[in-house]
Amino acid sequence: RAHNIMSLGYNNDLRSGASFQTIGYPGDKGDGCTPYEQTCVYQEIYTEELASSTCDHWHGQSGSAIWQWHNGQPVIYGILSSGIGNKNVDCRITPAKFQWICELSNTCPN
């Protein structure tokens, strides 16, 4: 039985300084088996698809959803991707990615 607990979207208006939440299992926190929730901030928006943030991108955290709260509901806008040097890179959902995901999941809005 499926449960809808989060929405999926895109927001091209997110700018540096915007905050968001994530939950994952970073290996540098505790035993690496306990979920760890973070509130992070976008540091720099590189492109429509890529941004850097203050999130911990340790092994186990990458691939975790990035979301913001809207009208009391979490809306996923991307995923934690990787750490490159001293920068953490996040992959954002674009309009094209959003369309592709909803077509694959057969959940496109009418």
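**Exercise 1. Find which residues make up the largest nonpolar core, and which strands supply them.**

Solution. Start with the members: the largest nonpolar core holds eleven residues, namely Leu 14, Ala 18, Phe 20, Cys 40, Tyr 42, Ala 51, Cys 55, Ile 66, Val 75, Tyr 77 and Leu 80. Next, look at where they come from: strand E3 (36-45) and strand E6 (73-84) each supply at least two residues of this core. E6 gives the most, with three residues. As background, nonpolar side chains in soluble globular proteins tend to be buried together. Please keep in mind throughout that you are looking at a predicted model.

Now zoom in on one core member, Leu 80. Setting aside residues up to four places away in sequence, Leu 80 touches a list of residues including Phe 20, Cys 55 and Ile 66. Also on that list are His 57, Val 89 and Asp 90.

**Exercise 2. Describe the order of the elements along the chain.**

Solution. First count them: the chain has one helix and seven strands. Then read from the N terminus, and the order is β-β-β-β-β-β-β-α.

**Exercise 3. Work out how E6 pairs with E1, E5 and E7.**

Solution. Take the partners one by one.

- E1 pairs with E6 in the parallel sense, over two bridges. Here Leu 8 has Ile 76 in E6 as its bridge partner.
- E5 pairs with E6 in the antiparallel sense, over six bridges. His 70 stands opposite Gln 73 in E6. These two strands form a hairpin with two residues between them, and Asn 71 in the turn has a positive phi of about 55 degrees.
- E7 (residues 87-92) runs antiparallel to E6 and is joined to E6 by six bridges. In this pairing, Ile 79 stands opposite Cys 91.

**Exercise 4. Decide whether Ser 53 and Gln 68 are buried or exposed, and find a polar partner for each side chain.**

Solution. Begin with Ser 53, which is found in strand E4 (residues 50-53). Its relative accessible area is 1%, so Ser 53 is buried, since the cut-off is under 20%. The side chain of Ser 53 makes a polar contact of 2.8 Å with the side chain of Asp 90. Beyond four places in sequence, Ser 53 touches Phe 20, Val 41, Tyr 42, Gln 43, Asn 88 and Asp 90.

Move on to Gln 68, whose place is in strand E5 (residues 65-70). With 13% relative accessibility, Gln 68 also counts as buried. A polar atom of the Gln 68 side chain lies 2.8 Å from the backbone oxygen of Ser 19. Among the residues in contact with Gln 68, leaving aside neighbours within four places, are Asn 11, Leu 14, Phe 20 and Tyr 77.

**Exercise 5. Compare the radius of gyration of the chain with that of a compact globule.**

Solution. For 110 residues, a compact globule would have a radius of gyration near 13 Å. The chain has 14 Å, which agrees. For the overall extent, the C-alpha atoms fill a box of roughly 45 × 35 × 25 Å along the principal axes. Of the 110 residues, 34% count as buried. Finally, take the contacts between residues at least 6 apart in sequence: 57% of them join residues at least 24 apart.

**Exercise 6. Locate Arg 15 and find its contacts.**

Solution. Arg 15 sits in the loop between strand E1 (7-8) and strand E2 (19-24). Leaving aside neighbours within four places in sequence, Arg 15 is in contact with Tyr 42 and Ile 45. From C-alpha to C-alpha, Arg 15 and Ser 105 are 29 Å apart in space, and they are 90 residues apart in sequence.

Key
Residues are numbered from 1 along each chain as its sequence is written. This is a predicted model: local features need pLDDT of at least 70, side-chain atom pairs count only at pLDDT 80 or more; totals for chains, interfaces and linings use all residues. Side-chain values use heavy atoms; hydrogens and water are left out. Helices (H or I, at least four residues) and strands (E, at least two) are DSSP runs, numbered from the N terminus. Buried means under 20% relative accessible area, exposed over 50%, partly exposed in between (1.4 Å probe, protein chains only). A polar contact is a pair of N or O atoms within 3.5 Å; within protein, one must be able to donate a hydrogen and the other to accept it, and residues adjacent in sequence count only if both atoms are side-chain atoms. Contact means heavy atoms within 4.5 Å. A nonpolar core is a set of buried Ala, Val, Leu, Ile, Met, Phe, Trp, Tyr and Cys residues joined through side-chain atoms within 4.5 Å. The radius of gyration is taken over C-alpha atoms; the globule rule is 2.2 Å times the number of residues to the power 0.38. Two strands pair if DSSP finds at least two bridges between them.
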